There are 2 protein chains.
Amino acid sequence: MRWEELDREACSLARTLSVVGDRWTLLVLRECFLRIRRFEEFEQRLGIARHVLADRLKKLTDAGVLEKIPYRERPRREEYRLTEKGLALYPAMLALLDWGDKYMSGKEGPPLLRRHKTCGHVAHAVPSCSECGEPLDARAMTVEAGPGAPADFFLPQSPSNKAVER
Amino acid sequence: MRWEELDREACSLARTLSVVGDRWTLLVLRECFLRIRRFEEFEQRLGIARHVLADRLKKLTDAGVLEKIPYRERPRREEYRLTEKGLALYPAMLALLDWGDKYMSGKEGPPLLRRHKTCGHVAHAVPSCSECGEPLDARAMTVEAGPGAPADFFLPQSPSNKAVER
DNA sequence: CAGAATGGGTTCCGAAAGGGAACTTGTCAA
DNA sequence: TTGACAAGTTCCCTTTCGGAACCCATTCTG
């Protein structure tokens, strides 16, 4: 499989990775969630090569995750902001952060804590069912063909079908 | 920033990406969640170059996300299985999948649906607060220095601090 | 018993992507 | 007129990747 073919795979994970599956892209998006918006700021904070940054910003913009908003004319300057599609990556960010907090922090503990304003507690995210509200775990999920499944699609025949993908 | 330095950043997202931030790694893990365990199966299903696959499996094993379990002696054969640390990536997988379902499916809809056995509904994951149970969104979160924060650590001074990282 | 098959790699090559630094372009301020 | 600013673009060299071939211990097939 070549990388440009990823978005044509019948798999939502592969399609997502075709947009954000790059080494730098999620770090750029981290900065976006921190309200970093301008080329030079991204570069200084990340230490990314400028042409790589330009490439990632363009790809994210083309994908509709960021949009370029002019903040000054003459000379025209534009900044990058998360679109609704980009903001919708927040749950994925949170899940990756929580995993890092739990498994990649040394004995000192996580570098940053997130506090839920609504209840006032330091919190992490629990994925819960959009329908019944109960916490979800891998074993409680089954997969089935969706409306966009290819015609020749077969589900893997695992005894307890906990599949995550396609 | 060079890639090998990522895991030393004071940022749980960067640390997570040092393990799973690679193009192929999350696709390998997708297969793991589908109970794919053997070298040849990974290769055939993913179309990944063999030495890249060998490298990723080794890195994931070194990171404690997968473990090698012998399934036959003489000749010794081993397969790769998710550890508890690996299974804990399920919420992140779900979040990425749900995003792909919503934003990367064509008009036909998502290729696969996930059904929650417990309640019987086709569902997606909602990140909810581990403390109060309410759904979390970016605007309801603030960040603060954690126990593992570096001594020179300053929080960005954003008016409404919705930060996601560090 | 010879030869092919199996499973899990390693090696080699040319192509693509990345790191780092210098250069470009349009505008304004000193 | 020179310099600074902001956002790129270009160039060169190193690293990584895709693809194919090769390796090796064991076991199956004829």
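Which residues of strand 3 of chain B form its covered face, and which its uncovered one? I began with this point, keeping in mind that the model is predicted.

**Entry 1: strand 3 of chain B**

I looked up residues 112-116 of chain B, which make up strand 3. I noted Leu112(B), Arg114(B) and His116(B) on the covered face. I placed Leu113(B) and Arg115(B) on the uncovered face. I then looked for the partner of this strand in chain A and found strand 5, residues 141-145. I recorded 5 bridges between strand 5 of chain A and strand 3 of chain B, and the two run antiparallel. For one facing pair, I noted that Met141(A) stands opposite His116(B). His116(B) also belongs to the covered face of its strand.

**Entry 2: helix 2 of chain B**

I turned to residues 25-33 of chain B and asked how many residues of helix 2 are buried. I found 8 of 9, and I entered the helix as mostly covered. I listed the buried residues as Thr25(B), Leu26(B), Leu27(B), Val28(B), Leu29(B), Arg30(B), Cys32(B) and Phe33(B). I also checked the backbone just after this helix, where Arg35(B) takes a positive phi of about 70°.

**Entry 3: chain A as a whole**

I counted 6 helices and 5 strands in chain A. I wrote their order from the N terminus as α-α-α-α-β-β-α-α-β-β-β. I noted that 40% of the 166 residues of chain A count as buried. I next took the contacts in chain A between residues at least 6 apart in sequence, and found that 31% of these join residues at least 24 apart.

**Entry 4: DNA strand D**

Which residues come nearest to DNA strand D? I found Arg38(A), Arg50(A), His51(A), Arg74(B) and Pro75(B), out of 18 residues around this strand. I traced the surface to its elements: helix 3 (39-46), helix 4 (50-62) and strand 2 (77-82) of chain A, and helix 4 (50-62) of chain B, each supply at least two residues. By class, I entered 7 nonpolar, 2 polar and 9 charged residues for this surface.

**Entry 5: DNA strand C**

I repeated the search around DNA strand C and found 20 residues. I noted Ala49(A), Pro75(A), Arg38(B), Arg50(B) and His51(B) as those that come nearest. Helix 4 of chain A, with helix 3 (39-46), helix 4 and strand 2 (77-82) of chain B, I recorded as each supplying at least two residues of this surface. Its classes I entered as 7 nonpolar, 2 polar and 11 charged residues.

Methods:
Residues numbered from 1 in each chain as written. Chains lettered and ligands numbered in written order. Predicted model: local features only at pLDDT ≥ 70, side-chain atom pairs only at ≥ 80, totals over all residues. Buried ≥ 20, exposed ≤ 12 C-beta atoms within 10 Å, placed from the backbone. Helix = DSSP H or I, 4+ residues; strand = E, 2+ residues; numbered from the N terminus. Pairing = 2+ DSSP bridges. Near = placed C-beta within 6 Å. Nonpolar A, V, L, I, M, F, W, Y, C, P; charged D, E, K, R; others polar. Contact = placed C-beta atoms within 7 Å.
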